[in-house]
Amino acid sequence: TEFTQRLRELPDQDIAALDDTAGRVIQLDEDERAISPTTDASLRAEGIISLISLDLSYRSRRHGVLRLYGRRTLEFTESQTSLLKTIVEHVAAAVAAAELLQTERRHRQTQRHLKLAADVQSRMRPRTKPEHPSIDIEARLVSSLELAGDFYDIFDYHGSIGVVVADVVGKGVPAALLMASLRASIRAHALSESDPSRLMSHTNIFLTRDTLDQEFATLLFMSIDPESRTLTYCNAGHEPPFIIRADSNNAEILLEGGLVLGVDESQDFPSARVRLEPGDTLIACTDGLIEAQN
C-alpha cells in the first residue's frame, strides 16, 4: 500500500524507534514518530490507525520484523498472541534457512572458483626439469591453503640452470595474483638478461611500480652451471640457501643478499658465487618449512 511505502521511507532512526516497541500495539494517530507531513495523508486515506511490530529473531539473530496494520484498534487475546508468536518463530526460521542456503550456495561457488584458480596456479609450476648427468634436482610445494604466495621455478637460463624460490607477502587470492605477476616478470626478463643482479633489478622495478607499500616479495635466484659446478646466486630478502658438503655434516649458509622486492626501485642486488663439489647438497626453501611446528 501507499502507506507501507511511506513507512519504508521514514528515517532509519524512526523505524528503529518503532521496532523498539516490538510486541506492543502502536496507535499511529497518537504516536508522533509515525506522523509526518508525508505520511499523514496516507494514514487518513487508508484508514490505518494501529500496528503491531514483531521481531523476526532466530537463535539470537535478528532477520527483520513482521508488522500487522489495522484500520481499527488492534487487540489480541492470549491465544491470538501465542499464535502470532508461533507464526513469527516459523517465519524467522524460514528466513534463516533461506539465508543459510544462499550463504552455502555462495560458498560452493567461491570454492569452485578457488579450485579453478588453484588448478591454474599448479600449472605454473615447472612440469619438466632440466636434465644433466652431473646434477640431480628435486622440488616440492605443499600449500596450506588452496592458493599460495610461495612458489618455485626451474628453467634453462643461458646455458645454465635457473632456479627461483620465492615468497609473496600474504596468503590466498591476493598473494596468488602477485605471485603470478612476479613469476611472469622473472621469466620475461630472464630471456634477455644473463646477469642475475640485473635480472633482479629489472624485476624489482617492475614489481615496485605495480604494488602498494605493504606488498612485497622475497626471492632467491640461483644460476647453476653444471659443467663448471659453479653456483651464482642473488638473494632479495629470502631465506638463505645452504650447502651440506659431501665431506662434512655442517651446513654452509650463503648469507649474501639484499632488500626484498617491491619496496625500492633503486635497490641493488649483488650476486655471489660458490663452487659445488661432487656429493654436495644445496637446499633452498621458504619460511613455511622453517616455521612448521610439526
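Helices (H or I, at least four residues) and strands (E, at least two) are DSSP runs, numbered from the N terminus. The model is predicted, and local features need pLDDT of at least 70, side-chain atom pairs count only at pLDDT 80 or more, and totals for chains, interfaces and linings use all residues. Residues are numbered from 1 along each chain as its sequence is written, and side-chain values use heavy atoms, with hydrogens and water left out.

**Exercise 1. Place Arg105 in the secondary structure, state its exposure, and identify the surface patch to which it belongs.**

Solution.
Step 1. Arg105 belongs to helix H4, which covers residues 78-122.
Step 2. Its relative accessible area is 48%, so Arg105 is partly exposed. The classes are buried under 20% relative accessible area, exposed over 50%, and partly exposed in between (1.4 Å probe, protein chains only). The areas come from the Shrake-Rupley method with a 1.4 Å probe, and for residues only the protein chains shown count as cover.
Step 3. Arg105 gathers with Arg106, Arg108 and Arg112 in a surface patch of positive charge. Patches are made of residues with over 30% relative accessible area and no salt bridge, with like charges joined within 9 Å and nonpolar side chains (Val, Leu, Ile, Met, Phe, Trp, Tyr) within 5 Å. Lys and Arg count as positive and Asp and Glu as negative, while His and the chain ends are not counted. The place of a charge is taken as NZ of Lys, CZ of Arg, CG of Asp or CD of Glu.

**Exercise 2. Describe the salt bridge of Lys115 and relate it to helix H4.**

Solution.
Step 1. The criterion is a side-chain nitrogen of Lys or Arg within 4 Å of a carboxyl oxygen of Asp or Glu.
Step 2. The partner of Lys115 is Asp119, with the closest N and O atoms 3.5 Å apart.
Step 3. Both residues lie in helix H4, and because they are four residues apart, about one helical turn separates them.
Step 4. Lys115 is exposed, at 54% relative accessibility, whereas Asp119 is partly exposed, at 30%.

**Exercise 3. Determine which parts of the chain are tied together by the salt bridge between Arg209 and Glu265.**

Solution.
Step 1. The side chains of Arg209 and Glu265 meet at 3.2 Å, N to O.
Step 2. Arg209 lies in helix H6 (residues 196-210) and Glu265 in the loop between strand E9 (251-253) and strand E10 (271-275), so the pair ties together parts that are 56 residues apart in sequence.
Step 3. Arg209 is exposed, with 59% relative accessibility, and Glu265 is partly exposed, with 34%.

**Exercise 4. Characterise the salt bridge of Arg245, then place it among the salt bridges of the structure.**

Solution.
Step 1. Arg245 pairs with Glu252, the closest N and O atoms being 3.0 Å apart.
Step 2. Arg245 is buried, with a relative accessible area of 16%, while Glu252 is partly exposed, with 30%.
Step 3. The structure holds eleven salt bridges. A network of salt bridges links Asp153, Arg183 and Arg187.

**Exercise 5. Find the backbone feature that His158 and Arg229 each display, and locate both residues.**

Solution.
Step 1. Most residues other than glycine have a negative phi.
Step 2. His158, which is not a glycine, has a positive phi of about 50 degrees. His158 is placed in the loop between strand E4 (150-157) and E5, and is partly exposed at 44% relative accessible area.
Step 3. Arg229, also not a glycine, has a positive phi of about 55 degrees. Its position is the loop between strand E6 (217-225) and strand E7 (230-236), where Arg229 is partly exposed at 27%.

**Exercise 6. Give the spatial relations of Arg275 to Leu231 and to Asp225.**

Solution.
Step 1. Arg275 is in strand E10 and is partly exposed, at 44% relative accessibility.
Step 2. Leu231 lies in strand E7 and is buried, with a relative accessible area of 0%.
Step 3. Leu231 and Arg275 are 44 residues apart in sequence, and their C-alpha atoms are 6.0 Å apart.
Step 4. Between Arg275 and Asp225, 50 residues apart along the chain, the C-alpha separation is 9.7 Å.
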